[in-house]
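Trainee: Please pick one part of this structure and go through it closely. I would like its surroundings covered as well.

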Amino acid sequence: MEQIPVFKPLIEQEEFNASRQALELGWLGMGSYVGEFEDGLKDYIGAADRYVAAVSTGHAALHLGLLAAGVGPGDEVITPSFNNAADFQAILATGAAPVFCDVDTDSLCIDLDKAEQLVGARTKLIIVMDYDCILCDHDRVADFASRHKVRVLHDAAHTFGSKYKGKMIGSFSDICMFSFDPVKTITCIDGGALVLRTRDELRKIQEMRLIGMTQPTTVMYQNQRAWTYDMKSIGFRYHMANLHAAIGLAQLGKMAKISESRRASCRYYNQHLGDLPEVTVPKTNFEEITPFLYYIRVPESRRDALRSYLKERGIDTGIHWQPGHWFTLFKECRRGDLSVTDRVGKEILSLPLHSLIRTETLDRVISGIRDFFEGR
Ligand SMILES: Cc1ncc(COP(=O)(O)O)c(C=O)c1O
């Protein structure tokens with residue numbers, strides 16, 4: 001019986017061709033493909049008034065985004081505890097401290113009412129993360145930020161290709177980040193990007209991603225380098241490689257079919273699992289959404305048994321995520337009431353979702369879950 005993984009990248013002839021071309025070019029580091037990928041992202045999200053910087057990973061994008069916003073030692077950053085570990089580590093890497101906020105029980109995005117109670121004199125920035133198929137209330141986020149005079153880092157690692165009230169994700173936030181890691185909606189093998197409002201922030205990011213060197217991007221994007229340069233800021237080796245950008249470009253060209261397929265699969269899951277009393281499906285019809293993962297919630301007491309039952313039938317499941325405040329490293333961090341997060345962390349379960357996944361595969365997963373709960 002074929003094993004069904006939780007994630008499976010869509011690698012087709014286009015990606016093989018793109019890789020070959022990038023390798024044949026012989027300029028393996030940051031170069032022309034990176035510039036093309038940044039332009040492609042900007043076009044795709046329709047952000048003509050924004051600046052895009054591609055970097056090596058989503059984690060690097062988070063770290064640099066925080067630094068560009070001026071986050072540093074002594075500052076606090078409010079983040080949902082129900083978030084990816086990369087966000088917590090990026091905050092620590094700046095010298096700032098994470099402050100853990102709860103999530104809303106339906107959207108699983110940050111609970112802004114609870115965030116109000118966490119704002120203090122040291123709060124510099126709030127991270128808001130779209131948990132996949134239900135987006136944050138970004139109008140309220142903007143209002144929150146302007147009232148409290150804090151910056152916003154919008155973690156859109158899950159929502160590349162989605163729209164909020166008709167606007168593409170990435171086109172309207174203070175600072176927005178994407179991840180193109182191996183399992184994301186589109187992959188660069190590894191990669192990330194920042195969408196910024198100002199040329200000045202772009203310049204900072206361009207230097208920081210190249211270990212602080214003031215190498216002109218215009219030169220590098222012609223697959224050349226300047227041999228002399230200055231160094232004015234702290235830097236990291238966080239640039240994106242040409243080969244990765246070439247793969248990203250091939251993937252970007254397929255967004256329409258990727259988006260359509262993933263949305264249809266999630267609707268199918270909702271339709272065929274939504275009536276089970278023990279299963280809570282996402283409360284959305286996926287309109288304007290390009291889903292990255294499909295999750296359900298099941299009673300805490302049944303989750304492990306369900307996972308084992310599915311595993312025996314060759315079906316993998318995932319857990320996104322263990323909340324941040326459960327980890328040893330973050331136990332002492334300031335936090336508010338995290339009762340929803342504590343519950344959701346024990347109930348959440350990710351089901352297999354791949355671009356162009358076959359209906360027979362979805363049916364196998366659905367039957368497995370139905371059989372488990374219906375005692376077959
Ligand atoms: C919400 C979220 N933010 C950030 C990241 C980090 O991205 P990357 O894996 O590209 O470093 C991930 C990765 O899974 C994520 O899910």
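Mentor: Before the main part, one detail of the backbone: tryptophan 321 sits in the loop between helix H11 (300-312) and helix H12 (339-347). Helices (H or I, at least four residues) and strands (E, at least two) are DSSP runs, numbered from the N terminus. The peptide bond leading from histidine 320 to tryptophan 321 is cis, and its omega is near 5°. The model is predicted, so local features need pLDDT of at least 70 and side-chain atom pairs count only at pLDDT 80 or more, while totals for chains, interfaces and linings use all residues. Numbering starts from 1 along each chain as its sequence is written.

The part to look at is strand S2, residues 76-80, where five of the five residues are buried. Buried means that 20 or more other C-beta atoms lie within 10 Å of the residue's own, exposed means 12 or fewer, and partly exposed is in between, with C-beta atoms placed from the backbone. In a regular strand the side chains alternate between the two faces of the sheet. Both faces of S2 are covered: one side carries Glu76, Ile78 and Pro80, the other Val77 and Thr79, and all of these are buried.

S2 has two strand partners to consider here. With strand S3 (residues 97-101) it runs parallel, joined by five bridges; two strands pair if DSSP finds at least two bridges between them. Within that pairing, valine 77 has proline 98 of S3 as its bridge partner. With strand S4 (residues 123-129) the pairing is again in the parallel sense, over three bridges. Here isoleucine 78 is the bridge partner of isoleucine 126 in S4, and glutamate 76 stands opposite threonine 123.

The connection from S2 to S3 passes through helix H4 (residues 85-94), and the three elements make a right-handed β-α-β unit. Right-handed means that, with the strands pointing away from the viewer, the path from the first strand over the helix to the second runs clockwise. The buried residues of H4 include Ala86, Asp87, Phe88, Ala90, Ile91 and Thr94. Directly after H4 comes glycine 95, whose phi is positive, near 95°.

S4 continues the picture on its own account. Because five of its seven residues are buried, S4 is largely enclosed by the rest of the structure. It is joined by five bridges to strand S5 (residues 151-155), and these two strands run parallel. Isoleucine 126, already met as the partner of isoleucine 78, has valine 152 as its bridge partner in S5. S4 and S5, together with helix H6 (residues 138-148), make another right-handed β-α-β unit.

The approach to S4 also comes back to S2. Valine 119 is in the loop between helix H5 (112-116) and S4. It counts as partly exposed because it has 17 C-beta neighbours inside 10 Å. Its C-alpha atom is separated by 7.8 Å from that of isoleucine 78, although the two residues are 41 apart along the chain.

H4 has a further role in the picture, at the ligand. The ligand is surrounded by 13 residues, the closest being Gly58, His59, Asn84, Ala157 and Ser179; a residue counts as near a molecule if its C-beta atom, placed from the backbone, lies within 6 Å of it. Helix H3 (58-68) and H4 each supply at least two residues of this shell.

S3, for its part, faces the other domain. The domain assignment gives domain 1 (13-252) and domain 2 (255-373). The contact between them takes 31 residues from domain 1 and 32 from domain 2, contact meaning C-beta atoms within 7 Å. On the side of domain 1 that touches domain 2, S3 gives the largest share, five residues.

Two backbone outliers remain, both away from S2 in sequence. Most residues other than glycine have a negative phi, and most peptide bonds are trans. Lysine 165, in the loop between strand S6 (163-164) and strand S7 (167-168), has a positive phi of about 45°. Lysine 165 counts as exposed, with 9 C-beta neighbours inside 10 Å. Glutamate 288 has a positive phi of about 65° and lies in the loop between helix H10 (255-273) and strand S10 (294-297). With 18 other C-beta atoms within 10 Å, glutamate 288 is partly exposed.

Notes:
Domains from an automatic or database assignment. Contact = placed C-beta atoms within 7 Å.
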